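Visitor: I'd like a close look at one part of this model, the stretch of chain around a central strand in the second chain. Start there, and then walk me outwards to the rest.

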Amino acid sequence: MTGLSTTMSGSGQRRIMHSLAEYGFVVMFFLWAVYLTLATDNFATTDNIFTILRQAAIIGITAIGAHFVILMGDMDLSAAAVISLSGVVMGEAMVNQGFAPIPAALAALVVGALVGLANGLIVTQLRINAIITTLGTSSILSGIAFTITQGKTIYGERGNDPIDKIEFLSRNRVLGDWVPVPVIILFACYIIAFIVLRYTAYGARVYAVGNNERAAWLSGIKVDRIRIATFVVAGALAGFAGIMQVARQGTATAGMGADFLFPILTAVVLGGASLRGGRGKVFSTLVAAIFLTSINNGMVLLGIDIYTQNIVSGVILVVALSMDRLRTLRL
Amino acid sequence: MKHLKLLVSILLIALLSMASMVAMAQDDGDEEEPPELGTAEDLEVTEEELEAALEALGEDGFIGVVACTYSTEYHSTVAESAEAYATEKGLNVRTFDSEINVETQISGIENFVSDGAQVIVVCLFDPPSVQSALEEAAEAGVMIVQYAGRDMADLGGVTISVEDADMGYAAGQYAAELINEELEGEAQVAILDYPDIANVVIRADAIRAAIEEIAPDAEIVGNYLGGTADNGLTSMETALIEHPDINVVVSINDAGALGALQALENAGRDDVIIVGIDAEQQAIDLIAEDTMYKGTVDTAPARTGEMTIDAAVKLLAQAEIPQNIAVPVNLITAETLAAEE
């Protein structure tokens with residue numbers, strides 16, 4: 001009997017650990033959300049939830065591209081700089097050069113895509129490690145952005161500001177004046193990303209390259225082309241995020257993307273994508289991006305001292321990442 | 001069992017780290033005598049001094065300007081103004097962006113010294129961490145001019161600074177006066193802060209001190225992360241959820257305040273008093289247009305840049321100058337702008 005009860009409690013424990021490992025940071029997110037719901041009056045309100053989702057949009061959209069790159073076993077450290085440069089291009093085109101929104105947006109997207117193309121070509125043709133490559137391009141992009149702006153803020157005349165023409169990307173609500181536009185865009189991007197990764201040949205090839213590059217090549221997959229295409233996708237998505245950030249801020253500055261790199265990469269890693277490539281669910285990256293945004297949101301609602309916020313967010317992240325680490329341990 | 005132990009260990013380590021950091025107490029420090037402050041007039045350069053400085057620099061020597069960052073209008077204006085002014089006077093000058101990174105700044109200083117800089121004009125965002133690099137520079141005969149701070153006077157150099165406490169107090173004072181005049185002394189105040197930079201914390205503390213002294217019935221609902229437009233915007237969006245009646249925002253710089261303004265306008269508010277620091281052009285435009293943005297503290301970044309070069313020339317010419325020079329603080333409001341026209 002003793003042996004039987006030991007086996008049963010052991011198996012129950014394994015089930016708990018298995019669940020924690022499988023759902024990792026989601027458990028932490030759930031506990032954090034429950035705590036905030038109980039400890040504050042305003043966390044679990046529609047207004048606040050949409051605020052979190054709206055704030056997560058920039059990180060979330062850019063994280064899709066980062067997710068794609070990490071699926072291949074690479075990493076793109078230039079995403080934040082692309083947000084800055086594309087945003088500056090958008091702002092400069094509209095405010096100082098008189099471009100209409102669509103051509104300005106196209107210019108910003110093209111800049112992002114071209115950066116991605118450059119990254120992809122350097123990685124595949126020159127065989128330089130992606131981390132080194134994108135670190136280098138990040139520095140170049142930052143310099144270009146500062147050169148364009150000369151360190152100043154790009155903004156239009158109040159009441160006649162060209163940037164107001166794209167403010168709908170940030171301020172408007174749809175579906176009965178209820179859901180913010182950035183939230184719709186965020187979820188639309190993730191649905192498209194999911195469909196591409198799950199149901200298209202390109203998506204299958206991205207996973208294949210990440211899983212085993214040599215095997216993918218031997219099976220006839222054009223590994224270099226997939227790699228280049230993925231960096232272009234990542235660049236274009238970061239460029240789009242730059243456009244949305246200009247709409248959100250109403251201005252463009254050369255450093256506007258600088259604070260986004262850490263949360264972008266953290267969202268992908270926390271969402272369970274393997275840095276070795278070949279594994280990761282894009283919707284997990286979305287949940288992770290929302291979780292990261294909710295940490296800052298929750299600390300403000302709790303009234304946590306600004307000087308203590310870094311400690312608290314660090315602890316939450318360490319615990320969440322640790323729970324996630326369990327999934328790689330043998331159970 | 002093994003994995004449960006691992007999980008518990010990780011949680012304990014996290015809790016221990018948090019407890020140890022929270023337990024660290026800051027030293028109160030001894031109260032120092034405020035330094036005697038010179039003025040811009042003390043830095044007026046004569047023709048002879050300029051010639052002596054040019055001779056001292058020679059072909060290979062130069063003045064190295066090490067900026068804290070180029071990402072805000074204030075800092076980029078100081079550095080660019082210094083560079084332009086020096087070039088206009090025929091002085092060799094080079095600039096460097098520390099990107100608010102200690103290692104980057106240390107490398108920049110060391111490279112300038114080894115390349116032949118004779119004067120380093122530097123903005124320090126974390127003075128204790130860079131002190132040893134500057135001490136080595138001073139030992140190598142490089143003269144130091146610090147702007148936006150006074151920490152390096154001990155190295156025999158010159159400091160040219162608006163006092164962060166003065167800037168913060170001026171902004172807080174104006175906000176408090178408006179609270180008393182327009183809101184009958186009662187308000188819900190949000191302070192936008194940027195604790196990553198030690199000197200900026202002094203500004204935020206001075207803002208708080210001014211409001212508590214001049215508008216004691218105003219409630220300061222919290223310090224929120226500002227410093228950049230996105231931080232100000234994000235923080236204000238969330239702060240309004242918890243404190244929807246915030247009607248005064250005072251920021252350690254214009255960049256954060258402008259982000260907060262965006263958030264307030266997005267929320268349909270037009271009744272908030274906003275005061276910033278740095279006198280960025282966008283802020284000045286908004287003040288002139290009688291918007292929610294009511295005031296900003298002019299820290300005279302262009303003049304500061306010129307004064308650093310004047311100080312460098314004086315040092316190269318071995319002229320006597322005060323060790324600490326004050327850059328005057330000016331409050332810019334709709335009234336002062338109208339008076340200028």
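## Into and around a covered strand

Guide: Let's start with Glu184(B), which counts as exposed because it has just 9 C-beta neighbours inside 10 Å, and the cut-off for exposed is 12 or fewer. Keep in mind that we're looking at a predicted model. You'll find Glu184(B) in the loop between α6 (164–182) and β6 of chain B. The backbone does something worth a glance here: phi of Glu184(B) is near 55°, a positive value, and this residue isn't a glycine.

Follow the chain out of that loop and you come to β6(B), residues 188–193. The setting changes: five of the six residues of this strand are buried, so the strand is mostly covered.

What does β6(B) pair with? One partner is β7(B), residues 219–225, and the two run parallel over six bridges. To pin down that pairing, look for Val189(B), whose bridge partner in β7(B) is Ile220(B). The other pairing to look at is with β8(B), residues 248–251, again parallel, this time over four bridges. The pair to find there is Ile191(B), which stands opposite Val250(B) of β8(B). If you're following side chains along the strand, remember that in a regular strand they alternate between the two faces of the sheet.

How does the chain get from β6(B) to β7(B)? It passes through helix α7 of chain B, residues 198–214, and the resulting β-α-β crossover is right-handed. Stop on that helix at Val200(B), since that's where this residue sits. Val200(B) counts as buried because it has 21 C-beta neighbours inside 10 Å. Leaving out residues up to four places away in sequence, Val200(B) touches Asp164(B), Tyr194(B) and Ile252(B). For a sense of scale, take Val200(B) and Glu186(B): they're 14 residues apart along the chain, and their C-alpha atoms are separated by 26 Å.

There's another sheet to see in chain B. It's an open one with six strands in the order β2-β1-β3-β4-β5-β11, with parallel pairing. At its edges stand β2 (93–97) and β11 (324–326) of chain B, each with a single partner strand, so one side of each has no neighbour in the sheet. On average, neighbouring strands of this sheet are turned by 20° against each other, ignoring direction. Zoom in on the β11(B) edge: three bridges join it in parallel to β5(B), residues 158–161. There, Thr159(B) stands opposite Asn324(B) of β11(B).

Now for chain A, which has 13 helices and two strands. The radius of gyration of chain A is 21 Å against the 20 Å from the globule rule for 331 residues, so the chain is as compact as a globular protein of that length. Its C-alpha trace spans about 85 × 60 × 40 Å along the principal axes, and 53% of its 331 residues count as buried. Take the contacts in chain A between residues at least 6 apart in sequence: 77% of them join residues at least 24 apart.

Chain A has a positive phi to show you as well. Asp177(A), a residue other than glycine, has phi near 60°, and it lies in the loop between β1 (173–174) and β2 (179–180) of chain A. Asp177(A) is exposed, with 7 other C-beta atoms within 10 Å. For a buried residue, go to Leu197(A) in helix α7 of chain A, residues 181–199. Leu197(A) counts as buried because 20 C-beta neighbours lie inside 10 Å. Beyond residues up to four places away in sequence, Leu197(A) touches Gly203(A), Val206(A) and Val282(A).

Last, look at where the chains meet: 38 residues of chain A and 37 residues of chain B take part in the contact. On the chain A side, the elements giving two or more residues are α1 (2–39), α2 (46–71), α10 (223–249), α12 (282–302) and α13 (306–325). The most comes from α13(A), with seven residues. By type, that side of chain A divides into 17 nonpolar, 15 polar and six charged residues.

Key
Residues numbered from 1 in each chain as written. Chains lettered and ligands numbered in written order. Predicted model: local features only at pLDDT ≥ 70, side-chain atom pairs only at ≥ 80, totals over all residues. Contact = placed C-beta atoms within 7 Å. Nonpolar A, V, L, I, M, F, W, Y, C, P; charged D, E, K, R; others polar. Pairing = 2+ DSSP bridges. Right-handed = clockwise from strand over helix to strand, strands pointing away. Rg over C-alpha atoms; globule rule 2.2 N^0.38 Å. Axes fitted to C-alpha atoms, helices over the stretch in contact; angles between N-to-C directions.
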